[in-house]
Amino acid sequence: MSSTYDLFSDAFFAEPDPVFHRMRADDPVHWEPTLEAWVLTRYQDVRAVLNDPRFSVDRNGRIRGATPPEARAKLADCYRLLSKWMIFTDEPDHSRLRTAIGPAYTPGAVRNVMPFVDQTVHELLTKACARGEFDVVAELAEPLTGLVNARLIGFPPELVSQVKRWSDNVFRLFGSGIVTEEIVDAAHTSLVECGDYARALIGEVQDTTADSLVGRLRASLDRGEILDVDEAAKSVTMVMIGGHEAARHMIGNGLVALLRNPAQLQLLRARPELIGAAVEELLRYDSPSMAALRCARVDVEIGGTTIRAGQFVFAMLRAANHDPEVFHTPDRLDLERTGVQHLGFGFGRHFCSGASLTPVVVTAALRALIALEPQLATDHLQWIPSLSSRGPAALPVRSTRWPAIPELTGTLVLDDAALDAAAHDQGNTVRIRPTSILRPGTFDDVVRMIQYCRTQNIQVAPRGTAHTSFGQCLVNGLAIDMRSLDRVLEVSEDARTGTASIDVQGGALWQDVVAVGFEHGFRLRTGVPAVLRLTVGGVLSVGGISTIRVGGSVAESVEELEVVTGAGELLTCSPDKRSDLFEAVLGGLGQVGVIVRARLSMVPVAPLVRGYALRYQHAELREAFADQRILADRDGIDEQLLRWKWQPDGPTAELTAHVYYTSGNPPDDKYLMRGLSRTPASVTEVTYPKRVASIDRLYAEHERHGWSDSLKLWSDNFLPDPGPGSDFEDITIAVLDEIGEREWSRSSTVLLFRKHRDAFLLPGLRLPDPALGRHLCLVAVSSDGFGKTVDTEYVRTRKATNRRWYEWARDVGGTLYPLGATEFTAADWKHQYADYYGAFQRAKHRYDPDGIMTPTPAIFE
């Protein structure tokens, strides 16, 4: 069979418009014998067919006479496998399937993925531009769109390259003019493999509330909105294979169009606000989709020509978008063009469901590419030979301008092993991979890199020892490893008051603060956190709670801070200087800046510690609460803590009290333990440094046996305690009753810290209203999977339980201590910060105007 028009040569794929113009003028409803189908090139005809229910999208029966006999059976099976794809399904099934996948592409869902898109663009271009010349298709467009697709669907990023191979094989079948046995075999194998994987992926879903397509489809399946697992799997397969196709080709098409039209590129550089309109015009000018295929259900007349029932029609989107009857000078790129809707995403009920996402991805990529001032590295581009999709097979460019990384005293780490290691915190349940890691040598390194990230719209988060369990310190951007700023700078003693101050860098460990302070005869005024191998800046960013009887949070000991803000300024703050910054940083979860130096208040320390341990069975817990209240109010007691560990017959409680003393002035045991429900089961003597490091020694032993790799989903809530018989007692006992043997491991504990509410003055650490109780209790459930086999159901159950425990606390005036794994919305954060929310938000806008700091908690909408 011969054709009047050249639809399959390299020349046509490079420049199809002359052929379409001639066809539109001579034979706008053209029978193409090589395709055994009609070809439409007029805008009105194409739009009409796309919106006409007399034309079906079902491809069953599309086996042409030219198909090799040996390929026909597999081709028929390919169409069977495609039959429940939404894009190949007519009503009423089409609307039902579209509704199921629609939430993945709502404006809110697209907004949520935008930071990930920006960060991924930066990461890919950082690597690509290091060589000066790179392939935009292979090194940016394909991995970017593949990773975005993985995030939206819910499959691991490691599978992106395999999904691309499946996609390429299937789209060769869609777009080939001549179907060969090789093309059919590759497409069939890919459809089967991808379908099997999608079916397994849906079967593994445990959390149907997960923000992913597989989670939503599993929920739709459970509600009966999708017929069966096979139908759900075919929807996943469709998006895996086709969900990234438009964006990956459009990035290349858009850049080529701009580089070949320098006046329009210059206009966009001069007026960057045109980027939205520019992407729409680029979608018209060089759409990533060449044609939409339809089959006539009945005889239909178009332009005086009858399309017989059963005949196929190629509605040429590219030709329609260049119809001079509709678009003025259609072959001219005009970024200020307004008016008629282009058909780049189709039209009617089969309008592309990903049309909200593709412009976002394309905009991010083109904006970053334009900033590089790239030049084409070849005048002879090869375009993919397809009547379905359009894009360059490769797009080599030379970068003439890539923002140079600032000169640093420290190091910027880009190797995959380090980035993978920084992709999780101690919880090991959330994975967010940074694009780079700064190990600063000086404060100026932090300043320079935050300034750089601000210009490139890169998110930033400081990271110490990552002592959180829900990804709070993780970032898909620059992670600042504060452990390289770890010096204890100076201890300044005040002979007049007998106190001292200690200056430390933000990455210093509390164990070093304790050691240096003890050498000078001092300890932190408020006491140190229960775990000492944490960084100073990290603890101050959440507030910090110690076992010391008097004093508020650990952050209450801060006299002065140096902070590098999200605006890239190194500022000093204190209660009297920039107090809004001071208050927003302490307990502020890294929202406004990075603590690089802290001056902390210290008091004299006695070298020895006597410890008392009282033990209680589960039925005696109310007696334990009463005894702890007494010890919390008793002068002469320095520390008190109630702690539970698992025993075969249930959790056993131990109430400990510690007294600091000198060898010449030992404590009076009988006097200090008076009025309690029982006498101590044991009395111990240790030095002060050994006492405060006791929990660290326990965890060091656990780490030798693999504790660091275990899943941890901690729960931490503050509760008010007005006294005996309070809601606090009932809730704490209910929490303990819900912790079964599965949640307890040899490293698991429940800790009850009790403090005086009026000792807490800083607004950033959110606490129950003082009117609700004189005592404040932190119930910290440190459950983990150490030494146990856990699965996705365990994770889902623990998250739901943590949320329920928080709601119990919230309903009696309690608040969240944000170290653990409790799911929080923007509305929850607004409730959490309550009357401080407005001031906190103003500080965020002032000191982090571009919103780049510590995004994962998502405190502000």
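These are my notebook entries on two helix pairs, two buried residues and a few backbone details.

**Entry 1, ground rules.** I am working from a predicted model, in which local features need pLDDT of at least 70 and side-chain atom pairs count only at pLDDT 80 or more, while totals for chains, interfaces and linings use all residues. Residues are numbered from 1 along each chain as its sequence is written, and side-chain values use heavy atoms, with hydrogens and water left out. Helices (H or I, at least four residues) and strands (E, at least two) are DSSP runs numbered from the N terminus.

**Entry 2, α10 and α11.** I looked up helix α10 (residues 213-223) against helix α11 (residues 229-242), and they pack at an angle of about 160° with their axes 10 Å apart; axes here are lines fitted to C-alpha atoms, for helices over the stretch in contact, and angles run from 0 to 180 degrees between N-to-C directions. That angle makes α10 roughly antiparallel to α11, on a scale where under 35 degrees is roughly parallel, over 145 roughly antiparallel, 65 to 115 roughly perpendicular and the rest oblique. For contact I take heavy atoms within 4.5 Å, and I find L213, V214, L217 and L221 of α10 meeting V229, A232, S235, V236 and V239 of α11. The residues of this contact divide into 8 nonpolar, 1 polar and no charged, where Ala, Val, Leu, Ile, Met, Phe, Trp, Tyr, Cys and Pro count as nonpolar, Asp, Glu, Lys and Arg as charged, and the others, Gly among them, as polar.

**Entry 3, burial of α11.** I then asked how much of α11 is covered, and noted that 11 of its 14 residues are buried, buried being under 20% relative accessible area, exposed over 50% and partly exposed in between (1.4 Å probe, protein chains only). The buried residues of α11 include A232, S235, V236 and V239, each of which I had already listed in the contact with α10.

**Entry 4, α12 and α14.** Helix α12 (residues 245-259) and helix α14 (residues 275-285) pack at an angle of about 95°, again with axes 10 Å apart, which makes α12 roughly perpendicular to α14. I see M250, G254, A257 and L258 of α12 making the contact with L282, L283 and Y285 of α14, and by class these are 6 nonpolar, 1 polar and no charged residues.

**Entry 5, two buried residues.** M23 is found in helix α2 (residues 17-26) and counts as buried at 0% relative accessibility. Setting aside neighbours within four places in sequence, I find M23 in contact with Y5, L7, P28, H30, V39 and T41. S782 is placed in strand β27 (residues 775-782) and is also buried, with a relative accessible area of 13%; with the equivalent neighbours set aside, S782 is in contact with W714, S748 and T749.

**Entry 6, backbone details.** Most residues other than glycine have a negative phi, and most peptide bonds are trans. I noted a cis peptide bond joining E91 and P92, with omega about 5°, and P92 lies in the loop between α4 (69-82) and α5 (93-101). E36, in the loop between β1 (29-32) and β2 (37-40), has a positive phi near 50° and is partly exposed at 24% relative accessible area. A834 has a positive phi near 45°, lies in the loop between α28 (826-833) and α29 (837-847), and counts as partly exposed at 44%.
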